[in-house]
Structure formats: structure tokens, C-alpha cells
Amino acid sequence: MTETPDDYSFMTLALRLAERGLCTTMPNPRVGCVLVKHGKIIGEGWHERAGEPHAEVLALRQAGENARGAEVYATLEPCSHHGRTPPCAEALIAAGVKRVVAAMQDPNPKVAGSGLAMLKAQGIEVVSGLMETQARELNPGFISRMTRNRPLLRSKIAASLDGRTALANGVSQWISGEAARQDVQHWRARCCAIMTGVCTVLADDPQMTLRAFDIGRQPLRVVVDSRLRISPQAMILQGGNALVAYAIDPHNKLTQLQATGAEVVMLPDNDGRVCLQSLMQELARREINEVMVEAGSGLNGVLLQHGLIDELLLYYAPILMGSEAKGMFAMPALTEMSQRSELEIFDLRQVGKDIRMRARIKGSA
């Protein structure tokens, strides 16, 4: 059946509802749902937190008995398995809806089309793929974890217009303006974890916490520290909810760091450094969907070389810092233009006095 203009209108509303869970649903996906009967909305819902009712169930509750014969607009395929809550597909069948329009199939292998198949088997009309691009943009981290067994990595970098992130002596505060720093808090709020390198911790002693919003949680703070150089007194370790990934412990710090309440995991590669691919798998195992990298040129360079950065969140300040200042990515010199990293810029706007650019690394999923 061909989609109608009303289908697009109702799905747009469902997508807006899903956005309300942008900072709270993890590790679950952000989902919105609208129930319609005779062209009128009779129920709305959006998933807020894991363990709480899904969007479809909330919309059904609002509609009550009127849900029989209704059309359903969901931003994600209704689930078909028992997780923290019962299957939404079964709830829709029991309610007697006549049509379900899903923006996209669930990438979770436990669902992956089985929810839609369950609905079809009960004679319910099913449409899938309406406004899928917009739906996928809501859940890039969840999709990444389900399809690649690793979270989405978004690297935030504040730089001068000539691409410099710190003076030669390491001083970097503050390059961007207050409006940009407040904007970063929004991005911290929607991520599951913030990752940095030990060099940033030693230089700046940051907390890496969410301070501008109360969303009922703090992102996991992850430190990549191959030789366990971090001090047990580091601010990033205070209050728990921190993870230190290391390769070797030459100074016997492991017990001291564990005493702070931080988790310490050994993930060595063959060169005595943290295996970043293994770290990504470890974060996926912990149901981390989106990671925001707030690090220096060293860690950013290694992540880029390994093809692990999916998206760049760049704040360009209207200043120039010169060729002796530090760049964004510490990497070996390129010898061929074919070795360059190509970007796809998909958002560009002014934030206060700075320019914010979002770009994907071409070739990343």
C-alpha cells in the first residue's frame, strides 16, 4: 500500500516523541509511537527509561478500548521478545489494531523482523521503512552496537580556525566560548560514556561529568591508560562510575586504583598498549551505545588510524594559534593523498562566537 501524506505527518510526530528520550533511554533505543483512528490521534507514547513501559504500551494505555481497529505509527519495529518488559507486538495484537507502520526494522538480532512477522501472521497490515533515515539518526549508537558489536564514537574537538587544539606547552583552556561549552553538555547528556586518554587526565585533571542537566545519571567515564600512569587522586576517578583500560602495570598501581571505586580492565595489544578494538567490544558488552571522545591529539590520532571514529563534533573558534601549536590528530606523516581521511559534513551552524561542524568519517558504518 502506498504511504499517504497523513502517514508522514503521524510518523513525524512519533519521531518527535522519540526525541524526548534522547538522554534517558540507554541502553534501549529511543522510540516514539502514535495511535490513530479515523484520522484522529487517540494515543501517544515514548520510551523514557530501560525497564519502564515501551512507547507502544504507553500509547495503547492512553487509547484504551478505542485502540481496536486503530493504526499504529512506531519509529522502530515493535519488539517480539521478552526483555526487561513483555513484547510490544503481542500487546498490539491483543489490542486489536488493524495496521502498523514502522519507520525501520529493529537491528537487534533478537527481533530483526520477527516483530513485524508476528503482526502479519495475525492479519495486521504492516508497512516498514517510512522515514527510515530520520529514525536511524535517532539511534546511531544502538544500531552500531547491534550490528558491529561496538558503540558509536563521536569525537568532540575544540580548535582554532587553523586547526590547533592546544599551545605547544599544552595549555588549551579555553579555546571555545561559553556557548560552545554549554552545547557540549547537551552532547554529554545523550552519550552513555565519555572517553579520554591519560595524557589529558595528567595535563588537565578533568572531572568529565555532566553538570548542566539533571537526567538522573552520569555517563560512564573511560580512561585509556596503557601503563597505569593515572593518579588515584585524579578527579575523573572520584565518585565511582569510572573505567580505566590498561595494558601493563609497571608501578603496581592496580590495587590503589581499584580502591577508588573505579573499575580497571586489562586489555593489552601485542605492543603493550590498550587494544582499542577490545575496548570497544568491552563497552558494547556493557551496553554502551554512544561514546563521546574528549581527548588530545594522541588518542584521537590512534582512534582515527584504527578507523574507530564515526563522527566528529568540531567547534572552531575565531582565533589563530600558529604552526607550533598542537593539531587535532597525532599521526605518522602521510605519503600519498590516497591515505587521507575524507569527511562528509552534514551539519554546520554557529554556536555563540564559534562554528560547530558535525562530520562523518567516510567509510564508517
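**Salt bridges, cores and one aromatic pair**

Okay, let's start with Arg-49: it comes out as partly exposed, because its relative accessible area is 28%, and that falls between the 20% and 50% cut-offs. Just so everyone knows, what you're looking at is a predicted model.

So who does Arg-49 pair with? Its salt-bridge partner is Glu-48, with the closest N and O atoms 3.9 Å apart. Glu-48 is partly exposed as well, at 31% relative accessible area.

Now go to Glu-71, which makes a salt bridge with Arg-99; there the closest N and O atoms are 2.7 Å apart. Glu-71 sits in strand S3 and Arg-99 in strand S4, residues 99–102, so this bridge ties together parts of the chain that are 28 residues apart in sequence. And are these two buried or exposed? Both Glu-71 and Arg-99 are buried.

The next one is Glu-290 with Arg-190, a side-chain salt bridge at 3.3 Å, N to O. Here the link spans 100 residues, from Arg-190 in helix H7 (residues 178–190) to Glu-290 in strand S11. Again, Glu-290 and Arg-190 are both buried. They also belong to a network: through shared salt-bridge partners, Arg-30, Arg-154, Arg-190, Glu-290, Glu-311 and Arg-358 are all joined up. If you want the overall tally, the structure has 25 salt bridges.

Okay, on to the nonpolar side of things. As a general point, nonpolar side chains in soluble globular proteins tend to be buried together. In this model the largest nonpolar core has 40 residues, and the members touching the most others are Met-11, Leu-35, Val-97 and Leu-119. Which helix gives the most to it? That's helix H1, residues 5–19, with six residues. Apart from this core there's another one, of 34 residues, including Met-195, Leu-243, Val-265 and Leu-279.

Zoom in on Leu-119 for a second. Setting aside residues up to four places away in sequence, Leu-119 touches Pro-78, Ala-89, Leu-92, Ile-93, Val-100, Ile-124 and Val-126.

Next, aromatics. How many aromatic pairs does the structure hold? Just one. It's Phe-10 with Tyr-73, a tilted arrangement with 5.3 Å centre to centre and 45 degrees between the planes. Phe-10 is in helix H1 and Tyr-73 in strand S3 (residues 71–74), so to speak two distant parts of the chain, 63 residues apart. Phe-10 and Tyr-73 are both buried.

Let me show you helix H6 too, residues 140–148. Its buried residues are Gly-141, Phe-142, Ile-143, Ser-144, Arg-145 and Met-146. What do they pack against? Helices H5 (132–138) and H10 (276–285), plus strands S6 (152–160) and S11 (290–293). Right after H6 comes Asn-149, with a positive phi, near 55 degrees.

One polar residue to look at is Thr-200, over in helix H8, residues 198–204. Thr-200 counts as buried because its relative accessible area is 14%, under the 20% cut-off. Beyond its neighbours within four places in sequence, Thr-200 contacts Asp-205, Pro-206, Met-208, Glu-294, Ala-295 and Gly-296.

And finally, the surface. Leu-161, Leu-320, Ile-345, Leu-348 and Ile-355 make a nonpolar patch of about 510 Å². Of those, Ile-345 lies in strand S13, residues 343–351.

That's my tour, thanks.

How values were computed: Residues numbered from 1 in each chain as written. Predicted model: local features only at pLDDT ≥ 70, side-chain atom pairs only at ≥ 80, totals over all residues. Heavy atoms only, no water. Core = buried A, V, L, I, M, F, W, Y, C linked by side-chain atoms within 4.5 Å. Buried < 20%, exposed > 50% of the residue type's maximum accessible area, 1.4 Å probe, protein only. Helix = DSSP H or I, 4+ residues; strand = E, 2+ residues; numbered from the N terminus. Contact = heavy atoms within 4.5 Å. Patch = residues over 30% accessible without salt bridge, like charges linked within 9 Å, V, L, I, M, F, W, Y side chains within 5 Å. Areas by Shrake-Rupley, 256 points an atom, 1.4 Å probe, with all protein chains shown as cover. Salt bridge = Lys/Arg side-chain N within 4 Å of Asp/Glu carboxyl O. Phe/Tyr/Trp six-rings, centres within 6.5 Å; stacked < 30°, edge-to-face > 60°.
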